[in-house]
Amino acid sequence: MAGGQEALALFVFIGGLSAATSMVIVETIALSTMVSNSLVMPLLLRGRSRLARRDNLAGLVLGIRRAAIVLILLLGYGYLRVAGGETALVSIGLVSFAAVAQFAPAILGGLFWKGGTRRGVLVGLVAGFVVWAYTLVLPTFADAGLLSASFLREGPFGVGLLRPERLFGMPAMDPVSHAMFWSALVNVGGYVVVSLADPPRAAERAQAVQFVGVVEEPFGERRRQVRATVGELQALLERFLGPEGAQRVLRSSPGRRPDSPAAEAPPELVHHAEAQLAGSVGAASARLAVAAVAGEEEIGTEEVMRMIGEASQRVELVRWRLKLLYDATGGIGTTLDVTRTAEELAQVAVPRFADYVAVDLAESVLREEELGPDGTGTGIKRMQRAAVSGIRDDAPLFAVGDRLTFSPSSPQARAVESGVAVLVPRLRESTQWREVDLDPARGSRVIDFGIHSLITAPLSARGVLLGMVHFWRSEKPEPFDQDDLSLAAELATRASVSVDNARRYTREHGLAVALQRRLLPRGLPEQNAVEVASRYLPAQAVGGDWFDVIPLPGARVALVMGDIVGHGLHAAATMGQLRTAVHNFSTPLDLPPDELLSHLDELVTLIDQDAIAAGDETTVTGATCLYVVYDSVSGTCVIASAGHPPPALVHPDGRVEFLDVAPCLPLGIGGLPFEATELSLAEGSRLVLFTDGLVERRALDIDVGLRLLRETLARADPSPEGTCDAVLDALLPESRSDDIALLVARTRVLGPGQVAEWDVERDPAAVRRVRAAVSARLMEWDLEDLVFPTELICSELITNAVRHATGPIKARLIRDGALTFEVSDHSSTSPHLRYAASTDEGGRGLFLVAQFAERWGTRYTKEGKVIWAEQTTPGTAGG
């Protein structure tokens, strides 16, 4: 115009206006199509809006696009007036391009990456748009004067690293490239990190298979996956494109189109219809709609969305039920207590599955009795309520402890008879469920309380009926259905195994405890050699720890401590076998400790051989035993151990030591002889015998346990009872995984006035001299009543020794509760009691000794043997 070329300027103006107008029109139409296809229509279809229920959706789609065009133009004009007056049109277009580019990671990830998640997309988009607005939009506001110019130069709050056009000190770049770099980095990073941190849900995985799989599979195969008739495709197209649009799509299809609407559409036609429909409603909606018409019945768009919604709900329901079963697996059976297991079953289902849950157990289960196949042995017997849980405490249900009897026609009884769960969806329409203990009034109160649905399931395991579980629903308005019935049956099945495990364990544990206590000493026997106190604490799983105190002749006593490998009835029974064997080897055989353990070792080997021959893999090998014999006359102690921890010795002055006992292998291993250790003990010393459960466990090393035991014994009360209490107070764990046996014996020594000894010459005349000395000593002890029988016993035993024994002969008289007369020599030949014939001149001596003595016997020593006879004194038991 300055050069006088007005016509040319007019043409230039018209061309620029046309180009700008065309750009605005094209961009506006594209954006409106994206808004309608990707935002508005999916929302209307998913929300089951009445607008989407029309037969002709073409007008609705067109209206949405027109409204979107007006809105987009108004937003653009508003931006131009507010901040874009000084900005070139191309710059505004680049800003818009940067905004649209934020959708690229989500689109590409949805097409090619199955690991992407909805949350990842949302986080990436939000983060990308925030960076886009910060680096591109806000600078335009600053250029327009809406923000301070220092915002661009210095950054917000003077933080230079946050300058919008030089973010984090990025070297100089043009604004669009700078914004694209940072927004894409944050967008992609947020999308990937959140998707990896939050794995896809089931619905998202299914969608990924649908869409990502489409890209991966061959094109030809993909086109043949959906089958539909021509009429079904035409009806679908008419709903979205109108009749004319549908006919236009069908006519433009490549290849031959069947004339009959009932004919199956070729794959090319199906694919062409899906592609044309995608231009109107989007690829995702088009794929779902075309897949829906593949069935035999016609399905509308709203039905497609309803099916998608139901499928999603179904997935969520399955996930919820799996979660409930998972929680039930971990929450039921945490203890081996029957009642607690029933309580856990009731608690795990409330309130997620039922509003109230009641668990009834057969009375024989609670009494720990053996069950028949029906749980009681003779049909449906009374049950007892073991647990109740609910959302309220005032429900009119039977309380814990109530005994119940179900009518044969009730659903509870039918569940028991059939072995499957029974559903009563609407309690008001049924009366048989009320037939419990002939109390119909309670059923009416249940209905009035609002409880309206019931599932009752039997608790059965290993073919044995254990009880029942009842699920009631009140607050949830919908009744139980068949799916709920399956879930209730699964819950009952899992709980039944836990209840049965608890029942079997409780019963076996009770039997093992009863057997063990029956086999252990009920009370410590009377003897004067030591003062004894003991403690026995069984573990939760009963083991085979045991102890014993065995009085021996000659003012001696045997202290025994043993430990059987394993737990349960087998360990308790084995302990009884070994304890009985030790008693037999101790009295009347009176074997030394090392020989006794040798015989016990052979016995364990024979027991294991018999068990293996019978197919029993549980063996006794590995059992330990400690055998101690204390002689209160000499104050000596002989100890032998078969792999057992050595005893602790507390001296009278408080010093503590663990005795250096010869280490030997446990019982049943064999190979090496057992060795005895002999030592002298001062009067008042305390021998402490224990099992390893006292000083060794998972959280306590045995060395630490022995140190704690030593420290405790050093400061414990000197009495055996006080010592036991102090040891258990210091070392008893809160939960025991092994039995604990403790035996404390404080030694005594007989005074000189209680023992008399004589050397006997190998001369028959010596019998009269010893007999006279014995009579005189009995008179000193005020035992005149025992003079005659003791003289008879003395004469017979000494005469026997003089005639048949070798080496020096000694006689000893001991008064210690009982009166014991002993004759020792160096011969290993032992006399035997026999019945003499009327013509025999001898053989009646030991018979007379057995008649006058309470008991008699022989024990072997290193030098030979000792023959002894014991009589009760006046004032003692049996006297």
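**Figure 1. A small set of residues lines the second largest cavity.** A cavity here is a set of grid points where a 1.4 Å probe fits but cannot get out, and its lining residues have an atom within 4 Å of a point. With that in hand, welcome to the first close-up of this predicted model. Cys-664, Leu-665, Gly-670, Leu-672, Pro-673 and Phe-674 line the second largest cavity. The space enclosed there comes to about 50 Å³. Sorted by class, five of the lining residues are nonpolar and one is polar, with no charged residues. The structure holds three cavities of 30 Å³ or more.

**Figure 2. The second largest pocket draws its lining from one helix and several strands.** This pocket has a volume of about 990 Å³. Which residues lie nearest its centre? They are Arg-859, Tyr-860, Thr-861, Lys-862 and Glu-863, out of 35 residues in the lining. At least two lining residues each come from helix H20 (593-613) and from strands S10 (624-631), S11 (636-642), S14 (676-680), S18 (809-816), S19 (818-825), S20 (855-860) and S21 (865-872). The largest share, four residues, belongs to S19. By class, the lining holds 15 charged, 13 nonpolar and seven polar residues.

**Figure 3. Strands S17, S18, S19, S21 and S20 form an open antiparallel sheet.** Read across the sheet, the order is S17-S18-S19-S21-S20. Strand S17 (755-760) and S20 are the edge strands, and each has a single partner, so one side of each has no neighbour in the sheet. On average, neighbouring strands are turned by 15 degrees against each other, direction ignored. Within the sheet, seven bridges hold S18 and S19 in an antiparallel pair. A useful landmark in this pair is Arg-812, which stands opposite Glu-822 in S19. Two helices join the view. Helix H23 (residues 766-780) packs on the sheet and touches S17, S18 and S19, its direction making about 170 degrees with that of S17. Helix H24 (residues 787-804) also packs on the sheet, touching S17, S18, S19 and S21, and its direction makes about 15 degrees with that of S19.

**Figure 4. A second open sheet of five strands has a helix lying across three of them.** Here the strand order is S7-S16-S15-S12-S13, with antiparallel pairing. Why do strand S7 (530-537) and strand S13 (656-658) each have one side without a neighbour in the sheet? Both stand at the edges with a single partner strand, so one side of each is left free of a neighbour. From one strand to the next, the twist averages 15 degrees. S7 meets strand S16 (residues 740-747) through eight bridges, and the two run antiparallel. To find your place in this pair, look for Val-530, which stands opposite Thr-747 in S16. Helix H21 (residues 702-715) lies across strand S12 (648-650), S13 and strand S15 (686-690), and runs at about 145 degrees to S13.

**Figure 5. Strands S8 and S9 form a hairpin.** Is strand S8 (residues 546-552) largely enclosed or largely open? Six of its seven residues are buried, so S8 is largely enclosed by the rest of the structure. S8 and strand S9 (residues 556-563) run antiparallel and are joined by seven bridges. Val-549 stands opposite Leu-559 in S9. Three residues lie between the two strands, and Gly-554 in the turn has a positive phi of about 80 degrees.

**Figure 6. Lys-476 sits in a loop and touches residues far off along the chain.** The loop runs between strand S6 (464-473) and helix H18 (482-519). Leaving aside residues up to four places away in sequence, Lys-476 touches Pro-351, Arg-352, Phe-353, Ala-354, Asp-355 and His-452. How many residues separate Lys-476 and Asp-355 along the chain? They are 121 residues apart, yet their C-alpha atoms are separated by 7.6 Å.

**Figure 7. The whole chain gives the setting for these close-ups.** Its secondary structure comes to 25 helices and 21 strands. Of the 879 residues in the protein chain, 43% are buried. Among contacts with a separation of 6 or more, 67% involve residues 24 or more positions apart.

Notes. Residues are numbered from 1 along each chain as its sequence is written. This is a predicted model: local features need pLDDT of at least 70, side-chain atom pairs count only at pLDDT 80 or more; totals for chains, interfaces and linings use all residues. Side-chain values use heavy atoms; hydrogens and water are left out. On a 1 Å grid over the protein atoms alone, a cavity is a set of points where a 1.4 Å probe fits but cannot get out, and a pocket is an open set with protein on both sides within 12 Å along at least five of seven lines; lining residues have an atom within 4 Å of a point. Grid points are joined across faces, edges and corners, and a volume is the space filled by probe spheres set on the points. Ala, Val, Leu, Ile, Met, Phe, Trp, Tyr, Cys and Pro count as nonpolar, Asp, Glu, Lys and Arg as charged, and the others, Gly among them, as polar. Two strands pair if DSSP finds at least two bridges between them. Axes are lines fitted to C-alpha atoms, for helices over the stretch in contact, and angles run from 0 to 180 degrees between N-to-C directions. Contact means heavy atoms within 4.5 Å. Buried means under 20% relative accessible area, exposed over 50%, partly exposed in between (1.4 Å probe, protein chains only).
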